[in-house]
Amino acid sequence: MKKKGFLASEYAPASARLAAYHVIPVPMETSVSYGGGTAAGPNAILAASQQLEATDGRFSPGRAGIHTQPAVSCSGAPAQVIARVEGRVAHALAAGAAPLILGGEHTVTLGAARAFQAAGLKVGFVQFDAHADLRDAYEGSALSHASVMRRVSELGFPIIQFGVRALCADEADYRRQTGVLAYDAERLARRPLPTRPLPAGFPKRIYITFDVDGLDPAVMPATGTPVPGGLFWQDAMLLLERIATGRRVVGADVVELAPIRGLHHADFTAALLAHRLMGLMGEGTPNIQQNVRGCGR
Ligand SMILES: [Mn+2]
């Protein structure tokens with residue numbers, strides 16, 4: 001069966017040059033530490049996206065044009081894969097499109113960060129995750145999924161984390177020393193949810209990296225390192241809405257889906273999340289402003 005682009009069931013694929021969104025599949029799986037399967041994540045999300053409605057209830061980002069890039073080759077060392085991701089994200093940005101990466105393991109986010117750095121864009125990174133991913137190295141690798149946000153932080157990008165509930169002492173130290181912000185899962189569970197989750201000084205341009213294990217395993221069981229006590233769907237959507245208010249979402253990723261055969265609700269959940277992230281990216285995307293005024297808002 002020929003692979004279909006994201007939401008090709010509802011919208012004819014747009015050209016790379018005119019699309020408002022570039023979906024970038026990255027089936028990377030090199031630093032799995034517990035359960036495997038993230039290499040199958042992008043295709044599962046693309047397949048599930050054919051079951052989405054043209055609108056997610058609030059946004060219809062497909063009207064502005066979605067281009068799904070061919071999957072990034074994930075052979076070779078992690079550094080090579082990350083460099084390829086950087087090139088693909090740079091291609092999207094040069095075309096005036098918003099990049100949406102479908103992982104694959106969380107390490108792919110570093111490629112996006114490097115592309116934004118090369119483009120000279122000051123961007124704040126908003127991370128949803130069960131884990132802080134701030135380890136200096138993990139299982140001997142500095143390019144592990146457990147170290148990815150440390151690498152992003154070292155590039156100079158501000159970071160705010162949501163839903164973390166697995167944190168080692170070194171990571172807690174690193175947060176304190178460098179000012180990584182966090183609304184950890186326990187604090188969010190005590191409620192109320194923050195009405196203005198991002199501090200005023202946080203950059204106006206934000207990149208949202210959504211590790212699906214930030215969601216509770218009851219919502220999202222299909223991931224390599226599930227941890228109980230995570231976010232439920234509506235709370236995650238409310239937080240995303242409040243995070244995006246007054247900000248420009250310039251890129252996003254959905255990572256660490258490890259599909260479980262026959263458990264299609266998890267794939268669909270990841271696809272719906274990707275669709276919502278596209279909607280939130282809507283207003284700030286140059287090609288949207290050219291192509292479709294209003295873009296479903
Ligand atoms: Mn992660």
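# A tour from helix H1 through the sheet to the loops

Begin by selecting helix H1, whose buried residues are covered by elements that include strand E1 (21-26), strand E3 (98-103), strand E8 (248-255) and helix H8 (264-281). Keep in mind throughout that the model is predicted.

**Stop 1: helix H1 and its cover.** With residues 41-49 highlighted, colour Gly 41, Pro 42, Ala 44, Ile 45, Leu 46, Ala 48 and Ser 49, which are the buried positions of H1. Because 7 of the 9 residues of H1 are buried, the helix is largely enclosed by the rest of the structure. Now add H8 to the selection: the axes of H1 and H8 come within 8 Å and cross at roughly 80°, and the two helices are therefore roughly perpendicular to each other. At their meeting place, Ala 44, Ile 45, Ala 47, Ala 48 and Ser 49 of H1 face His 264, Asp 267, Phe 268, Ala 270, Ala 271 and Ala 274 of H8 in contact.

**Stop 2: the nonpolar core.** Stay with Ala 270 and show what surrounds it: leaving aside residues up to four places away in sequence, Ala 270 touches Ile 45, Ala 48, Val 212, Val 254 and Leu 257. Ala 270 is also among the residues with the most contacts inside the largest nonpolar core, a set of 84 residues in which Ile 45, Leu 100, Tyr 207, Val 254, Ala 274 and Leu 277 share that distinction. The element that gives the most to this core is H8, with 10 residues.

**Stop 3: strand E1.** Select residues 21-26 next. Is E1 enclosed or open to the outside? As 6 of the 6 residues of E1 are buried, the strand is largely enclosed by the rest of the structure. In a regular strand the side chains alternate between the two faces of the sheet. Here both faces are covered, with Tyr 21, Val 23 and Pro 25 buried on one side and His 22, Ile 24 and Val 26 buried on the other. To see the neighbours of E1, show strand E2 (residues 66-68), which pairs with E1 in the parallel sense over 3 bridges, and find Val 23 opposite Thr 68. Then show E3, which runs parallel to E1 and is joined to it by 6 bridges, with Pro 25 standing opposite Leu 102.

**Stop 4: the whole sheet.** Widen the view to the open sheet of 8 strands, which pair in parallel and follow the order E2-E1-E3-E8-E7-E4-E5-E6. E2 and strand E6 (181-183) stand at the edges with a single partner strand each, so one side of each is left without a neighbour in the sheet. From one strand to the next, the twist averages 20°. Further along the order, select strand E4 (residues 124-128) and strand E7 (residues 205-211), a parallel pair with 5 bridges, in which Phe 128 has Phe 210 of E7 as its bridge partner.

**Stop 5: helices H2 and H3.** Show helix H2 (residues 78-94), which lies across E1, E3 and E8 and runs at about 170° to E1. Add helix H3 (residues 108-118), which packs with H2 at an angle of about 50°, their axes being 7 Å apart; H2 and H3 are therefore oblique to each other, and the crossing is right-handed. Residues of H2 that take part in the contact include Ile 82, Val 85 and Leu 93, while those of H3 include Leu 110, Arg 114 and Ala 118.

**Stop 6: the loop between E3 and H3.** Select His 106, which is placed in this loop and counts as buried because it has 29 C-beta neighbours inside 10 Å. Apart from residues up to four places away in sequence, His 106 touches Asp 133, His 145, Val 148, Asp 211, Val 255 and Glu 256. Gly 104 lies in the loop between E3 and H3 as well, and a cis peptide bond, with omega about 15°, joins Gly 103 and Gly 104.

**Stop 7: two residues with positive phi.** From His 106, move to Asp 133, a residue other than glycine with phi near 55°, in the loop between E4 and helix H4 (148-154). Asp 133 counts as buried because 29 C-beta neighbours lie inside 10 Å. Finish at Arg 191, in the loop between H6 and E7, where phi is positive at about 60° although the residue is not a glycine. Is Arg 191 buried or exposed? Arg 191 is exposed, with 8 other C-beta atoms within 10 Å, and a cis peptide bond with omega about -5° joins Arg 191 and Pro 192.

How values were computed: Residues numbered from 1 in each chain as written. Predicted model: local features only at pLDDT ≥ 70, side-chain atom pairs only at ≥ 80, totals over all residues. Buried ≥ 20, exposed ≤ 12 C-beta atoms within 10 Å, placed from the backbone. Helix = DSSP H or I, 4+ residues; strand = E, 2+ residues; numbered from the N terminus. Contact = placed C-beta atoms within 7 Å. Pairing = 2+ DSSP bridges. Axes fitted to C-alpha atoms, helices over the stretch in contact; angles between N-to-C directions. Core = buried A, V, L, I, M, F, W, Y, C linked by C-beta atoms within 7 Å. Parallel < 35°, antiparallel > 145°, perpendicular 65-115°, else oblique. Left-handed = near helix turned anticlockwise from the far one by under 90°.
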